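Subject: Structure handover

Hi,

Here is the structure I promised to pass on. Have a look at it first, and then read on for what turned up.

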Amino acid sequence: MSATWLLARRNLARNRVRLVVSVGGVALALSLTLALDAIYAGVANQLTTYIDRSGADVWVSQPGVRNLHMVASWLPDSVIDQVRAVDGVAEATPILYSTDTITAGDERAVAYVIGVRADGPMGGPWDVVEGSSRVGRGEVIVDRGFARKAGATLGDRVTVLGGEATIVGLSEGTASLVNSVAFVSFDDFQAMRAGAPVVSFVLVRTAEGASADGVAAEIERRVGGVTAQSRDAFAAGERRLVTDMSAEIISIMNVIGFVVGLAIVALTVYIATLARRREYGVLKAFGARNRVLYRIVLAQAVLSVALGFVIGLVFTGLVGFLVARTDLNLELAITAASLIKVGLFAIVIAGLAAILPIRQVAKLDPAIVFRRGVVT
Amino acid sequence: MTTLLLEVRDATKRFGEGDAAVTAVRGVSLAVEPGEVVLIMGPSGSGKTTLLSMMGALLKPTRGSIHLDGIEISALSESRLPDIRLRQFGFVFQDFNLLSALSVLENVAIVAELAGFNGRAARNKATALLTDLGLGERLDFLPEKLSGGEKQRVAIARALINDPALILADEPTANLDSKIGHEIMRLLRRIAKEQGRSVVIVSHDQRIRDIADRVLWLEDGAFRDIVTMATDPVCQMAVEREHAISAERDGQTYFFCARGCRDEFLGDGGANGPGG
């Protein structure tokens, strides 16, 4: 280890309280940013779960509809056969979709209510852990977490789309922080809409070897008045919605995390440098150039921030692990983009935090070493 | 190591401007030969440390010049001085000034690394030097675990690690007891005589006069004739006979830095002299 890093490391380790404050502060500040990013990424992941697990390669919707959350999409049911006729389409099935509040006892929850055909090859629940995975008239499949909270079980009644349905299945992985997914029969959903011959989306499975984007483009070309997107594009639209909704909050929290982290590291590195002014003076007297001393100061800041970053990352991961084991329906997803962003934050914090102490060291008179007592 | 001659030519150092200006050193000239031990004594505030700082290229004289083997180092740019300090001077301080976070070995090795030695070579060199100075068993100790004498020996090892031509020591015995202080001074003298290095010591400790080849008295920033000086028998400080408090006992005259020392020396006995 070079003298620079050795001295920086030892200087940090020498004052344990200062080290804990510095590293802990950075860890807390960076984990604030990381955790918030992770929460929003988790919510985005959860929101796209239905899209990802629906089994569809292409989503066909009302023109201009490019995501699922908080939208309404209505297409005439004649579109289904038109879509089936497009080259590259292996299967096409309709779903009806609405956001509704479902009620079981005193428990109320917002849910994507999906009307699926009993024989539909796509769009139904993918992980039914109890009961049936098919819904008939007057039946509903709800998320197990919702049922647990409501104290409901198979055979119990829930209110959905203004009517009542019996729980015939409990699904897993269909709840997010925002909502869950409930599956009802296509016919019930349609009846609630007064039997109107409409569908919300047409889900398409492409033929082997056909590209989803290519088929989507072909559907838009051949079937008028629809928007068709590959699953990935549709899911990206959904994630973008979350990002757009959360951008300001994330930005504010990023700034807070950045400022807090910067203030803590800057203060502790400054104090550490001030406390060792005489020692820096000794090194100067012995011929150390300023750039060597700058490196020592910068190395201290970098070590503090790097340690804080790692601890913050572990802490956030641990929180995510623990949260996943609760009933919060909250997922913390630490993304590569978030890691890069927070890593860059950390680098900038280390650099800025070292500026003041470096100025102190630059102005230091090496003759300080001959002064007795406290050096000011 | 190359043997170099250090010369101070008519050096003056003034701090501040106008009415607030203080002249710490006034027109001092001095030449230090290779292998010579020079002791500069004087009361507090006499300019000893300022002179030492100028000799070590830590301060530039306001007037006059400092020469190292014919090169006027006081005229060199700031950017060239670190190299001169790194390779030509070794400093020993009253407070030892060891880096508290580093071990004994690291304290010495880091200065070798500053001079360009890689980590392993620096450590090997430092180990050999410290072992030679009797600190082989203390290499991994932190400074706080050492006695005063051991700390000063580490400081001397650090001063020697880059093979400097000159050792500049500021009150090296001030924080040591008499016995250890003498050991340190003998060590500095041995370094001068065996290795041909010049040693300049600033001190007001009369007990170390015997190890110096030359003793100079600095007062009010200028050298004075040392024969007019006497040693306070209580605190061992050098005092000017002419202005000192004096007292007689058993037919001999003693000189004191202050009444306290005189009273302590005499107990309740009588006294005479300017302060008496």
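**Chain B as a whole**

Of the 276 residues in chain B, 47% are buried, where buried calls for 20 or more other C-beta atoms within 10 Å of a residue's own, exposed for 12 or fewer, and partly exposed is in between, with C-beta atoms placed from the backbone. Before you go further: this is a predicted model, in which local features need pLDDT of at least 70 and side-chain atom pairs count only at pLDDT 80 or more, while totals for chains, interfaces and linings use all residues. Residues are numbered from 1 along each chain as its sequence is written, and chains are lettered from A and ligands numbered from 1 in the order in which they are written.

Chain B has seven helices and 14 strands; these are DSSP runs numbered from the N terminus, H or I with at least four residues for a helix and E with at least two for a strand. Its radius of gyration is 20 Å, close to the 19 Å that the globule rule gives for 276 residues, so chain B is as compact as a globular protein of that length. (That radius is taken over C-alpha atoms, and the rule is 2.2 Å times the number of residues to the power 0.38.) Along the principal axes, the C-alpha trace of chain B spans about 65 × 45 × 35 Å.

Contacts here mean C-beta atoms, placed from the backbone, within 7 Å. Among the contacts in chain B with a separation of 6 or more, 66% link residues 24 or more positions apart.

**The four-stranded sheet and its helix**

One open sheet of chain B has four strands in the order β2-β1-β4-β5, with antiparallel pairing; two strands count as paired if DSSP finds at least two bridges between them. At the edges are β2 (22-32) and β5 (71-72) of chain B, each with a single partner strand, so one side of each has no neighbour in the sheet. Seven bridges join β1 (6-15) of chain B to β2(B) in the antiparallel sense. If you want a spot to click on, B:Val8 has B:Leu30 in β2(B) as its bridge partner.

Across β1, β2 and β4 (63-68) of chain B lies α1(B), at about 125° to β1(B). Angles run from 0 to 180 degrees between N-to-C directions, with axes as lines fitted to C-alpha atoms, for helices over the stretch in contact. Eight of the eight residues of α1(B) are buried, so this helix is largely enclosed by the rest of the structure. Among them are B:Lys48, B:Leu51, B:Leu52 and B:Met55. Just after α1(B), B:Ala57 has a positive phi of about 60°.

**The six-stranded sheet**

The other sheet to look at is open too, with six strands of chain B in the order β6-β7-β8-β3-β9-β10 and mixed pairing. β6 (89-92) and β10 (222-224) of chain B stand at its edges; each has a single partner strand, so one side of each is left without a neighbour in the sheet. On average, neighbouring strands of this sheet are turned by 25° against each other, direction ignored.

Start with β3 (37-41) of chain B: five of its five residues are buried, so β3(B) is largely enclosed by the rest of the structure. B:Val37, B:Leu39 and B:Met41 are on one side and B:Val38 and B:Ile40 on the other, so to speak a strand with both faces covered. β3(B) runs parallel to β8(B), with four bridges between them, and pairs in the parallel sense with β9 (214-219) of chain B, also over four bridges. B:Ile40 takes part in both pairings: its bridge partner in β8(B) is B:Val202, and B:Leu216 stands opposite B:Ile40 in β9(B). Further along, β7 (166-170) and β8 (198-202) of chain B pair in the parallel sense over five bridges, with B:Ala169 opposite B:Ile201.

**Domains and the partner chain**

Chain B is assigned domain 1 (6-224) and domain 2 (230-266), with bounds from an automatic or database domain assignment. Taken over C-alpha atoms, the centres of the two domains of chain B are 31 Å apart. Five residues from domain 1 of chain B and four residues from domain 2 of chain B make the contact.

Where chain B meets chain A, the contact takes 23 residues from chain B and 20 residues from chain A. On the chain B side, α1 (48-55), α2 (81-88) and α3 (104-114) each supply at least two residues, and α3(B) gives the largest share, five residues. That side of chain B divides into 13 nonpolar, five polar and five charged residues. (Ala, Val, Leu, Ile, Met, Phe, Trp, Tyr, Cys and Pro count as nonpolar, Asp, Glu, Lys and Arg as charged, and the others, Gly among them, as polar.)

Cheers

Methods
Two residues are in contact if their C-beta atoms, placed from the backbone, lie within 7 Å.
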